[in-house]
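Trainee: Could you take me through one part of this structure closely, and tell me what surrounds that part?

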Amino acid sequence: MRTIKVMTVFGTRPEAIKMAPLALELAKRPEFEAVCCVTAQHREMLDSVLDIFQLKPDYDLNIMQPRQTLSAITSKCLNGMDGVLEQAAPDLVLVHGDTSTTFAGALAAFYHKIPVGHVEAGLRTYDKWSPFPEEMNRKMVGAIADLHFCPTLSNQENLARENIQKDVFVTGNTVIDALQTTVVKDFSFLEQILNNLDYVNRKVILVTCHRRENYGQPMTNIMTALRRVADAFPEAELVYPVHLSPVVQEAARKYLDQHPRIHLIAPLDVREMHNLMARCYLVMTDSGGLQEEAPALGKPVLVLRRETERPEAVAAGTVRLAGVEEEAIFQMAAQLLSDQGAYDKMAHAVNPYGDGRACCRIADAIAWHFGLRKAPPEAFGG
């Protein structure tokens, strides 16, 4: 039987969380020769995920620099990928989602006339400035890609509207596969503050906020609303793993520091984050991945953005768009902290993002595309 060489390319922590289970699934199958390339667009946060999944890259571009620009990330990825693709000569390059690494990896593969598979394809806000630069990254990758692995049916429908209908597969999201590995019942946190929190009698709110489009006044509004929540609800404890971006660090320290029930901590590795999410009461975030992960754990999510490319969760009732205005954010959080019925309605909604078999479906789809399987995989029905 012919062996297909498949290269996974990723560079950030969120990509790694979602691509590591897929890389491991490919590696265990005899029909594939699995190769892994990381750009290290986020060095420290990437490495922690690699360690947890015990995944050792075959190639490491190590491009990260302090205060790096989008142009620098993209150009370094392109230049670095040239040598990697020449040496490895894969049959297929897999990229994930919407980062600068994703776009540059897909473009480099296109320049080398190597087919591209897009994992987490078809997400759209239809606003090229929000999220920035992610919306245009994923649209450009969609135009380059040969195989499209959509988490949901609505993602597939987005691609169909763009006349992308060939080799499109609805697989579920690989992050649900990752959760099956990382969340355990008797977990001990490395961050001692997290071990000391009372998750039964207190309402622990997990916060993340880091997106570029929220820099400036939106981030000020968000931080002010978070402090109001802590002030107004004595039973609430906010835990904020602060992103390494200097802009985010400065804003968090300015508005949230020195509050007895707001805990500003270092970024958490994926295992710590998933287990904190499993124990918390509520998630407030501008992250994309947490909108998928938290509903799988029965946690309501308030999205600190004006729009989301994940409308399935909004439709299902697990996620609400809180926006970036102080009063709206505060009022939505206040309702979930004071109205048990409203909270239960969100917490018990059905997660639309997967059943833990996305990686298997993607591997099966690749095998079918290359003639190593008689039929395509059955679509995820979420």
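**A close look at helix α4**

Mentor: At the start of α4, a side-chain oxygen of Thr99 comes to within 3.3 Å of the backbone nitrogen of Thr101, and I should say at once that this is a predicted model. The helix that begins here covers residues 100–111, twelve residues in number, and its span from the first C-alpha to the last is 16 Å, close to the 16 Å expected at 1.5 Å a residue.

As for its surroundings, ten of the twelve residues of α4 are buried, so the helix is largely enclosed by the rest of the structure. Since you will want to find them on the model, the buried residues are Ser100, Thr101, Thr102, Phe103, Ala104, Gly105, Ala106, Leu107, Ala108 and Ala109; Thr101, whose backbone nitrogen the Thr99 oxygen approaches, is therefore one of the residues counted as buried, with under 20% relative accessible area.

The elements against which these buried residues pack include both helices and strands: the helices are α1 (13–27), α3 (70–88) and α5 (134–144), while the strands are β1 (4–10), β4 (92–96) and β5 (116–119). Beyond the helix, α4 is followed by Lys113, a residue with a positive phi, near 60°.

For a contrast with the buried residues of α4, you may look at Val183, which lies in the loop between α7 (174–182) and α8 (192–196) and is partly exposed, with a relative accessible area of 26%. Apart from neighbours within four places in sequence, Val183 is in contact with His274, Asn275, Ala278 and Leu297.

Definitions and conventions
Residues are numbered from 1 along each chain as its sequence is written. This is a predicted model: local features need pLDDT of at least 70, side-chain atom pairs count only at pLDDT 80 or more; totals for chains, interfaces and linings use all residues. Side-chain values use heavy atoms; hydrogens and water are left out. Helices (H or I, at least four residues) and strands (E, at least two) are DSSP runs, numbered from the N terminus. The expected span of a helix is 1.5 Å times one less than its number of residues. Buried means under 20% relative accessible area, exposed over 50%, partly exposed in between (1.4 Å probe, protein chains only). Contact means heavy atoms within 4.5 Å. A polar contact is a pair of N or O atoms within 3.5 Å; within protein, one must be able to donate a hydrogen and the other to accept it, and residues adjacent in sequence count only if both atoms are side-chain atoms.
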